[in-house]
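Trainee: I've got the model open and I'd like to go through the labels people put on it. Can you take me through the reasoning behind them?
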Amino acid sequence: MSQITYQTIELYNQTCGCNVVIHLKATIDELPEGLTEIRIKKKKETETVWKTIYTHPVTSVKDLTASFEDQNTVAGVHYTYAAIPVISGREGVGVTGRIVADFQGWMIADSTAEYVVGLNVTFSKQKKTSLAYVQTLGSKYPYAISNGNLNYYVGNFSGLFLPRNEHGEFVKDGAYLFKTQVMEFLGNGKTKILKSADGEALKIHVDDTIDLEQNEYKDAANIKFNFTEVAEFPSYGLIPIEREDAGDEDEDEDEDEEQYMTLDTGTLDNTILS
């Protein structure tokens, strides 16, 4: 019995960002009866269990062509993604792709925005545990007591936040207003992810003081803040990339090529997953 797939999958590393892009493309002209959603799954190379990280609803064949960004990736880690059709409530035959997450600079993001920092970055973190010391009469040295589960990081980050042009290059035009925008973002009270090109990955809250460090150079002020780790780095969730329907197949092909020409291609592996 032949196995039928409905899509191809392509994976890319952003060259102007810090996310993995997942691009699904339909390979059929008519939507099969009962196909209602696509489940996107993910696992690390060292893992054996798939995690469903996003469910994409399907109401027409056009919905089988879709793109997503995965913020929750760590640089240097091998990931495998799968797109699995759900037909009449049951998972069908899917396709998979593999990629090594790779990007430049640092990224800080929450549910409202994301910012990439690549200049003048300094970073440090310190491990916090539940260790405490008790001083007793008659003892020269204190007793160390560790009877809790606390195990998290605190630290500080400083970097030159600058806007980017359409080519992904850092520019100084509008730098002051951009820094004001970044400081509002850092102070919005939302949980954030902070990750780097060398594999640092933390889920944090920004502490209450955010500094703008002025110097003698115009538009070169660093933004500095302290942070506290509040949870494990997430692995679930995707950001849909909005696509405009061109109404013509050839125009759709041109849009795809233009949209992804600035992205690094990962390993393409349209392996059937059943």
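Mentor: Sure, and keep in mind that this is a predicted model. Let's begin with a definition: a salt bridge is a side-chain nitrogen of Lys or Arg within 4 Å of a carboxyl oxygen of Asp or Glu. The structure holds 6 of them.

Trainee: What makes Glu 37 and Arg 39 a salt bridge?
Mentor: Their closest N and O atoms are 3.0 Å apart. The cut-off is 4 Å between a Lys or Arg side-chain nitrogen and an Asp or Glu carboxyl oxygen, so the pair qualifies.

Trainee: Which residue does Arg 39 meet at 2.9 Å, N to O?
Mentor: That's Glu 91, in another salt bridge. This pair links distant parts of the chain: Arg 39 is in strand E3 and Glu 91 is in strand E7 (residues 90-91), 52 residues apart.

Trainee: Why is Arg 39 called partly exposed?
Mentor: Its relative accessibility is 23%. Buried means under 20% and exposed means over 50%, so Arg 39 lands in between. Glu 91 gets the label partly exposed because its relative accessible area is 39%.

Trainee: Which residues are linked in a network of salt bridges?
Mentor: Glu 37, Arg 39, Lys 41 and Glu 91.

Trainee: What makes Lys 42 and Asp 70 a salt bridge, and are they buried or exposed?
Mentor: Their side chains meet at 2.9 Å, N to O, and the limit is 4 Å, so they pass. Lys 42 sits in strand E3 and Asp 70 in strand E5 (residues 66-70), 28 residues apart, so this pair too links distant parts of the chain. Lys 42 is buried, and so is Asp 70.

Trainee: How do you know that E3 and E4 pair?
Mentor: Two strands pair if DSSP finds at least two bridges between them. Strand E3 (residues 35-44) and strand E4 (residues 51-57) have 6 bridges, in the antiparallel sense, so they count as paired. Glu 37, from the salt-bridge network, stands opposite Pro 57 in E4. The two strands form a hairpin, with 6 residues between them.

Trainee: What is the strand order in the open sheet of 7 strands?
Mentor: E10-E9-E15-E16-E17-E14-E11, with antiparallel pairing. The twist averages 30° from one strand to the next.

Trainee: Why do E10 and E11 stand at the edges?
Mentor: Strand E10 (114-117) and strand E11 (119-129) each have a single partner strand, so one side of each is left without a neighbour in the sheet. E11 pairs with strand E14 (residues 151-160) in the antiparallel sense over 9 bridges, and Ser 124 stands opposite Asn 156 in E14.

Trainee: Which helix packs on that sheet?
Mentor: Helix H1 (residues 175-186), which touches strands including E9, E10 and E14. The direction of H1 makes about 130° with that of E16.

Trainee: What is the phi of Ser 88, and why is this residue called exposed?
Mentor: Ser 88 has a positive phi of about 55° although it is not a glycine. Its place is in the loop between strand E6 (78-87) and E7. The relative accessible area of Ser 88 is 60%, and exposed means over 50%, so the label fits.

Trainee: And why is Asn 120 called partly exposed?
Mentor: Asn 120 has 48% relative accessibility. Exposed needs over 50% and buried needs under 20%, so Asn 120 counts as partly exposed. Asn 120 also has a positive phi of about 55° without being a glycine, but its place is in strand E11.

Trainee: What makes Ile 145 eligible for a nonpolar patch on the surface?
Mentor: Patch residues need over 30% relative accessible area and no salt bridge. Ile 145 is at 35%, which also counts as partly exposed, so it clears the area cut-off. Ile 145 lies in strand E13 (residues 143-145). Together with Val 134 and Tyr 143, Ile 145 forms a patch with about 260 Å² of accessible area.

Trainee: How many helices and strands does the protein chain have?
Mentor: The chain has 2 helices and 20 strands. Buried residues make up 38% of its 274 residues.

Notes
Residues are numbered from 1 along each chain as its sequence is written. This is a predicted model: local features need pLDDT of at least 70, side-chain atom pairs count only at pLDDT 80 or more; totals for chains, interfaces and linings use all residues. Side-chain values use heavy atoms; hydrogens and water are left out. Helices (H or I, at least four residues) and strands (E, at least two) are DSSP runs, numbered from the N terminus. Patches are made of residues with over 30% relative accessible area and no salt bridge: like charges are joined within 9 Å, nonpolar side chains (Val, Leu, Ile, Met, Phe, Trp, Tyr) within 5 Å. Accessible areas come from the Shrake-Rupley method with a 1.4 Å probe; for residues, only the protein chains shown count as cover. Buried means under 20% relative accessible area, exposed over 50%, partly exposed in between (1.4 Å probe, protein chains only). Axes are lines fitted to C-alpha atoms, for helices over the stretch in contact, and angles run from 0 to 180 degrees between N-to-C directions. Contact means heavy atoms within 4.5 Å.
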